[in-house]
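Here is a friendly walk through a structure, one "why" at a time. Have the sequence and the model at hand as you read.

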Amino acid sequence: QLRHAAEKMEAAFLSEMLKAAGVGKPSESFGGGAGEEHFASFLREAQAEEMVRAGGIGLAETLFHALKERENAK
């Protein structure tokens, strides 16, 4: 459960980083309307989850160990 929580947190972080990088941003010349941004967020979330499954950036592992130490300290 702790590892799953850590992986979800890393995926959320990566999704925000992808958003800040402009991934899924509608093009200026051809926009898909109000729903495009909403569906682009689904794409970013899926990409971030796949990045975590592929090894991510190591954030999940660090979070997992920190959560594990905290749980063991109780």
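Q: What makes a stretch of residues a helix here, and where does Phe-13 fall?
A: A helix is a DSSP run of H or I with at least four residues, numbered from the N terminus. Phe-13 is found in helix α1, which covers residues 2–20. Please keep in mind that this is a predicted model.

Q: How many helices and strands does the protein have, and in what order do the elements run?
A: The protein has 3 helices and 0 strands. Starting at the N terminus, the order is α-α-α.

Q: Why is Phe-13 called partly exposed?
A: Its relative accessible area is 37%. Buried means under 20% and exposed means over 50%, so Phe-13 falls in between and counts as partly exposed.

Q: What makes Phe-13, Met-17 and Ile-57 a nonpolar patch?
A: A patch takes residues with over 30% relative accessible area and no salt bridge, and nonpolar side chains are joined within 5 Å. Phe-13, at 37%, passes the area cut-off. Together with Met-17 and Ile-57, Phe-13 forms a surface patch with about 290 Å² of accessible area. For the protein as a whole, the exposed area is about 5500 Å², and carbon and sulfur atoms supply 59% of it.

Q: Which residues form the largest nonpolar core, and what makes them a core?
A: The residues are Ala-11, Leu-14, Leu-18, Ala-48 and Val-52. A nonpolar core is a set of buried nonpolar residues joined through side-chain atoms within 4.5 Å, so each of these 5 residues counts as buried. The elements that give two or more residues to this core are α1 and α2, the latter spanning 34–53. Helix α1 supplies the largest share, 3 residues. Across the protein, buried residues make up 18% of the 74 residues.

Q: How do you know that Ser-15 is buried?
A: Ser-15 has a relative accessibility of 9%. The cut-off for buried is under 20%, so Ser-15 qualifies. Ser-15 lies in helix α1.

Q: What does Ser-15 touch, leaving out residues up to four places away in sequence?
A: Ser-15 touches Arg-44, Glu-45 and Ala-48. Counted in the same way, Ala-48 touches Ala-11, Leu-14, Ser-15 and Leu-18. A contact means heavy atoms within 4.5 Å. Among contacts in the protein between residues at least 6 apart in sequence, 84% join residues at least 24 apart.

Q: Why is Ala-40 called buried?
A: Ala-40 has a relative accessible area of 7%, and under 20% is what buried means, so the label fits. Ala-40 sits in helix α2. The C-alpha atoms of Ala-40 and Lys-25 are separated by 7.3 Å, with the two residues 15 apart along the chain.

Q: What makes Glu-61 and Arg-3 a salt bridge?
A: Their closest N and O atoms are 2.8 Å apart. The rule asks for a side-chain nitrogen of Lys or Arg within 4 Å of a carboxyl oxygen of Asp or Glu, so the pair qualifies. This pair links distant parts of the chain, with Glu-61 in helix α3 (residues 59–73) and Arg-3 in helix α1, 58 residues apart. Glu-61 is partly exposed at 35% relative accessibility, and Arg-3 is partly exposed at 34%.

Q: How many salt bridges are there by this rule?
A: The count comes to 3 salt bridges.

Q: What makes Glu-49, Glu-50 and Arg-53 a network?
A: These residues are linked by salt bridges. Arg-53 pairs with Glu-50, their closest N and O atoms being 2.5 Å apart. Glu-49 pairs with Arg-53, and here the closest N and O atoms are 4.0 Å apart. Arg-53 and Glu-50 both lie in helix α2, 3 residues apart, about one turn of the helix. Glu-49 and Arg-53 also both lie in helix α2, 4 residues apart, about one turn of the helix.

Q: Why is Arg-53 called exposed, and why are Glu-49 and Glu-50 called partly exposed?
A: Arg-53 has a relative accessible area of 60%, and exposed means over 50%, so Arg-53 is exposed. Glu-49 has 33% and Glu-50 has 44%. Partly exposed lies between the 20% and 50% cut-offs, so that label applies to Glu-49 and to Glu-50.

How values were computed: Residues numbered from 1 in each chain as written. Predicted model: local features only at pLDDT ≥ 70, side-chain atom pairs only at ≥ 80, totals over all residues. Heavy atoms only, no water. Buried < 20%, exposed > 50% of the residue type's maximum accessible area, 1.4 Å probe, protein only. Areas by Shrake-Rupley, 256 points an atom, 1.4 Å probe, with all protein chains shown as cover. Patch = residues over 30% accessible without salt bridge, like charges linked within 9 Å, V, L, I, M, F, W, Y side chains within 5 Å.
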